[in-house]
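Colleague: I am new to this structure and would like a close look at a single part of it. Please begin with a small feature to get me oriented, and then take your time over the part you choose.

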Amino acid sequence: MSNSTATTTGIDVALEKHRTELTGYCYRMLGSSFEAEDAVQDTLVRAWRSYGKFEGRSSLRSWLYRIATNVCLDMLTAGNKRARPMDLSEPTPLARAALSPRPDHTWLEPMPDARVLPTVEDPAEAAVAKESVRLAFMAALQQLPPKQRAVLILREVLAWKASEVAELLDTSVASVNSALQRARATLSERETSGADAAVSDPLDEEQQKLLERYVAAFEGYDMAALTALLHEDAVMTMPPFDLWLTGHEDITGFMTTLGSACEGSRLLPVQVNGLPGFAQYKPDPDRGGFTPWAIQVLEISAGRLTGFHFYLDTQRWFPLFGLPLHLEAESDEVEQGA
């Protein structure tokens, strides 16, 4: 191996080991799984091309975050704020339920934990990381102006010093502290410590049993059993449709009418946005077996389900989670690469 080849390989390895944490950062900034991965790829390509100019005055990690921040800020100049259905409209009564899609760029997107949460030794650090990709917190982040968003993530999630953030953003410590104060005030108004913050890490015994009961109720399409698991103010969303429902009567009513094709589904567990979730496969009338239908993300509080969110763009989501695009009827075990 030539020296130049060895050097190139060494650079690739040095850059690549930061991919997961950079993806987590870009995902929090952008609210999009695929835009985050594009941003990280752009960051690593820029870093590789400029590596000869890297003078080592900061750490390689800090330098990469500077590049990633600039990439994300450039992508956010259009001003698009990704959201959940309940951020955009009032709930729809079941009697007026209609499935009206909005463009992909409207929605906050789900993300497999493995792609955004690096392995860390400190349980407290791991818990903060998980909380910072949960849907409610991510939705609140999207309401912040881009630079406030960057400051809050770097200071509160990644625990950077104000001086480090000021250097990264080419601004003053006073400006960083002011941006952080404004960002905290906005998040406080949105009460981001809501239902999904009550999920234990790892799940406690009660929560694990709740999920087992949920799987049994959903796969058995037992609406009485499902109702017993739902908080009275539970919310169900189905991006890319802007419809969202609240309360067990409307939710189970929808599932037995417009959503009745989900009867007989299979659920496979996934780790998504720091929360428990499932890949839902519904019966495939054409090929037999089961076809992908949704990535479900569940929110739990006080022993009940407070939210379950169905992401329906299966041609994008299932490959992202390393899930097959068909299940045979006899298959009880599936290799998952996520």
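**From a loop to the sheet**

Modeller: Let us start at Ala159, which sits in the loop between helix H9 (146–157) and helix H10 (162–169). The model is a predicted one, and in it Ala159 has a positive phi of about 60°, although this residue is not a glycine. Because its relative accessible area is 60%, and exposed means over 50%, Ala159 counts as exposed. A second residue can be set beside it: Tyr221, in the loop between helix H12 (205–219) and helix H13 (223–229), has a positive phi of about 50° and is not a glycine either. Tyr221, however, is buried, with a relative accessible area of 10%.

Before going further, it helps to have the whole chain in mind. The protein chain has 338 residues, of which 47% count as buried, and its secondary structure comes to 15 helices and 6 strands. Among the contacts between residues at least 6 apart in sequence, 65% join residues at least 24 apart. The accessible surface of the chain comes to about 16000 Å², and 49% of it belongs to carbon and sulfur atoms.

The part I would look at closely is the sheet. It is an open sheet of 6 strands, with mixed pairing, and reading across it gives the order E2-E1-E6-E5-E4-E3. Strand E2 (241–246) and strand E3 (266–272) stand at the edges, and since each has a single partner strand, one side of each is left without a neighbour in the sheet. On average, and ignoring direction, neighbouring strands are turned by 20° against each other.

At the E3 edge, E3 pairs with strand E4 (residues 275–283) in the antiparallel sense, over 7 bridges. One pair to look for there is Leu267 with its bridge partner in E4, Gln280. Helix H12 packs on the sheet in this region, touching E3, E4, strand E5 (290–301) and strand E6 (304–311), and the direction of H12 makes about 145° with that of E5.

Moving to the E2 edge, we come to strand E1 (230–238), which has partners in E6 and E2. With E6, strand E1 runs parallel, joined by 4 bridges, and the bridge partner of Thr237 in E6 is His309. With E2, strand E1 pairs in the antiparallel sense, over 4 bridges, and here Met236 has Leu245 of E2 as its bridge partner. The connection from E1 to E2 is a hairpin that passes through 2 residues. Pro240 lies in this loop between E1 and E2, and the peptide bond joining Pro239 and Pro240 is cis, with omega about 15°.

Across E1, E2 and E6 lies helix H14 (residues 248–255), running at about 45° to E1. The buried residues of H14 are Ile251, Thr252, Gly253, Phe254 and Met255, and they pack against H12, H13, E1, E2 and E6. In this way the buried part of H14 is in contact with strands of the sheet as well as with the helices H12 and H13.

Two further places in the chain are worth a look once the sheet is clear. Ser132, in the loop between helix H7 (123–131) and helix H8 (135–141), is buried, with a relative accessible area of 4%. Leaving aside residues up to four places away in sequence, Ser132 touches Arg28, Phe137, Met138 and Val157, and a polar contact of 2.9 Å joins its side chain to that of Arg28.

Lastly, the cysteines: Cys26 is buried at 0% relative accessibility, and Cys262 is buried at 10%. The closest cysteine sulfur to that of Cys26 belongs to Cys72 and is 3.6 Å away, which is too far for a bond because a disulfide requires the sulfur atoms to be within 2.5 Å. By this rule the count of disulfides comes to 0.

Key: Residues numbered from 1 in each chain as written. Predicted model: local features only at pLDDT ≥ 70, side-chain atom pairs only at ≥ 80, totals over all residues. Heavy atoms only, no water. Pairing = 2+ DSSP bridges. Axes fitted to C-alpha atoms, helices over the stretch in contact; angles between N-to-C directions. Contact = heavy atoms within 4.5 Å. Buried < 20%, exposed > 50% of the residue type's maximum accessible area, 1.4 Å probe, protein only. Polar contact = N/O pair within 3.5 Å; in protein donor to acceptor, adjacent residues only side chain to side chain. Areas by Shrake-Rupley, 256 points an atom, 1.4 Å probe, with all protein chains shown as cover.
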